[in-house]
Amino acid sequence: MNRRILAAVGLAAASVCAGGLLAAPASAAVPTSRTDGQCSLVDKTITATASVNETLTDDFRTYAETGGAWTGGDSTYSLPLGGGRTGWFFSDTFLGTVNPDGSRPTDSPFVNQSIIVQTSKGFETVTGGTPDAPESIVPPEDDGRWYWIGDPASGKRGTVQVPLLQFTRFGPGQWDWGWSGNRLATLDSDTLQLESIIDLPSATDINWGSWTLQEGRTTYIYGIADYDGVRSAHVARTTDGTGLAGEWTFWDGSAWSADESDAVPVAPYVANEFSVSRYRDGYLMVTQDTSELFSTRIVARTSCSPMGPFTEGVELYRTPETGLFGSYGDADVFTYNAHEHPEMRQGNKVLVTYNVNTFDNVGDVYDDATIYRPRFIDVELTVR
């Protein structure tokens with residue numbers, strides 16, 4: 001139900017209605033091109049074979065349909081919380097129950113963020129407010145501004161840092177709202193309740209928080225901005241061990257600048273959410289391919305540096321749900337925001353999630369509760 005996605009693509013829905021994008025799992029081999037001499041990864045050929053992660057798929061489906069708490073959400077970030085706990089962080093979320101016929105009650109509670117805590121004993125949903133009156137973990141402001149989450153990171157003294165995208169309504173129309181700033185929420189690591197909010201750099205149009213990469217005392221923060229219709233990744237960093245709360249500098253193409261306006265694109269055609277993580281002697285980016293409208297392609301790119309340059313994409317998977325000829329047989333259904341979960345990597349097998357949504361967010365998401373839930377994919381990479 002994520003409105004930033006609907007706003008970005010709503011004017012072009014006819015392309016999906018025409019059934020122009022076919023969707024099927026894929027195995028692909030594409031040679032990468034050399035970008036610099038610092039690592040061998042970019043010289044290699046990556047082959048990817050993907051399959052559904054049945055365990056997580058079944059666990060989340062069972063919880064959504066029988067847990068009586070969480071029935072669907074998007075973003076699907078994850079973070080180890082300590083003590084054997086994993087936090088699954090979601091933006092717009094449906095709470096409550098699912099009807100026996102698989103539909104969602106039309107009076108289902110709805111919040112802008114939620115967290116599912118996974119342990120060896122199962123799942124537990126965390127929101128703000130109370131069990132009888134749940135609220136977003138970071139509630140809307142009194143003036144109506146609301147927040148969607150970015151990729152969470154570990155903060156000082158065991159806290160959890162969650163980058164936020166702030167949105168503001170500027171008129172009465174359906175699409176009269178937009179991004180208005182970046183902020184940072186700090187959560188207590190035990191209760192996952194809000195401790196504080198501070199402002200983050202927001203002097204440009206870059207939406208920071210698409211991904212965070214922590215290496216020692218350095219935290220890289222990735223964001224997106226559109227230039228001439230091309231959605232591109234940018235990189236900032238802090239180096240003092242305080243995570244996103246530290247002093248930010250911005251990659252200008254050759255060095256780190258204190259001026260946000262110096263930030264330059266490091267990779268084109270990324271999604272609103274993507275991932276960058278260490279892989280072998282370089283870095284692996286996983287993203288939905290936005291060079292195509294409503295693309296079903298999830299791709300991987302490689303680099304020798306967190307700042308790029310990144311190679312051309314290698315296809316990892318084609319999402320099967322999209323469009324009239326997709327698995328739902330529904331022209332309104334689309335997929336978006338694929339990324340990896342590096343902490344769950346097993347050798348060369350990586351876990352990738354993506355989100356499913358529909359343009360009919362007053363019908364489809366209630367008629368079929370399975371639409372608005374994350375998908376879990378295992379991707380086996382071979383590098384030669």
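The exercises below, each with a worked solution, concern a predicted model.

**Exercise 1. Classify the aromatic pair F94 and Y372, and state which parts of the chain the pair ties together.**

Solution. Begin with the whole structure, in which a search finds 29 aromatic pairs. For F94 and Y372, the ring centres are 5.8 Å apart and the planes stand at 85°, so the pair is edge-to-face, given that planes over 60 degrees apart fall in that class. Next, place the two residues: F94 belongs to strand β6 (residues 93–95), while Y372 sits in the loop between α4 (364–367) and β29 (374–383), so the pair ties together parts that are 278 residues apart in sequence. Finally, consider accessibility, where buried means under 20% relative accessible area: F94 has 0% and is buried, and Y372, at 0% relative accessibility, is likewise counted as buried.

**Exercise 2. Which residues make up the aromatic cluster that contains W70?**

Solution. The cluster that contains W70 also takes in F60, Y63, W88, F90, F123 and F376.

**Exercise 3. Describe the open sheet that contains β23, from strand order to a single residue pair.**

Solution. First, establish the order, which is β23-β24-β25-β26, with four strands and antiparallel pairing. Second, identify the edges: β23 (275–279) and β26 (314–318) are the edge strands, since each pairs on one side only. Third, note the twist, which averages 25° from one strand to the next. Fourth, turn to β23 and strand β24 (residues 282–288), whose antiparallel pairing runs over five bridges. As background, strands of a sheet pair through backbone hydrogen bonds, either parallel or antiparallel. At the level of residues, S275 has V286 of β24 opposite.

**Exercise 4. Is D151 buried or exposed, and what does its side chain reach?**

Solution. Start with the position of D151, which is in the loop between β12 (146–149) and β13 (153–154). The relative accessible area of D151 is 3%, so this residue is buried. Its side chain reaches the backbone nitrogen of T212 at 2.9 Å. When residues up to four places away in sequence are not counted, D151 touches Y77, S78, P163, G209, S210, W211 and T212, so that T212 appears both in this list and in the side-chain approach just described.

**Exercise 5. Locate T186, and decide whether T186 is buried or exposed.**

Solution. T186 lies within strand β15 (residues 177–187). With a relative accessible area of 15%, T186 is buried, the limit being under 20%. Beyond its neighbours within four places in sequence, T186 is in contact with T159, V160, Q193, L194, E195 and S196.

Terms used: Residues numbered from 1 in each chain as written. Predicted model: local features only at pLDDT ≥ 70, side-chain atom pairs only at ≥ 80, totals over all residues. Heavy atoms only, no water. Phe/Tyr/Trp six-rings, centres within 6.5 Å; stacked < 30°, edge-to-face > 60°. Buried < 20%, exposed > 50% of the residue type's maximum accessible area, 1.4 Å probe, protein only. Contact = heavy atoms within 4.5 Å. Pairing = 2+ DSSP bridges. Axes fitted to C-alpha atoms, helices over the stretch in contact; angles between N-to-C directions. Polar contact = N/O pair within 3.5 Å; in protein donor to acceptor, adjacent residues only side chain to side chain.
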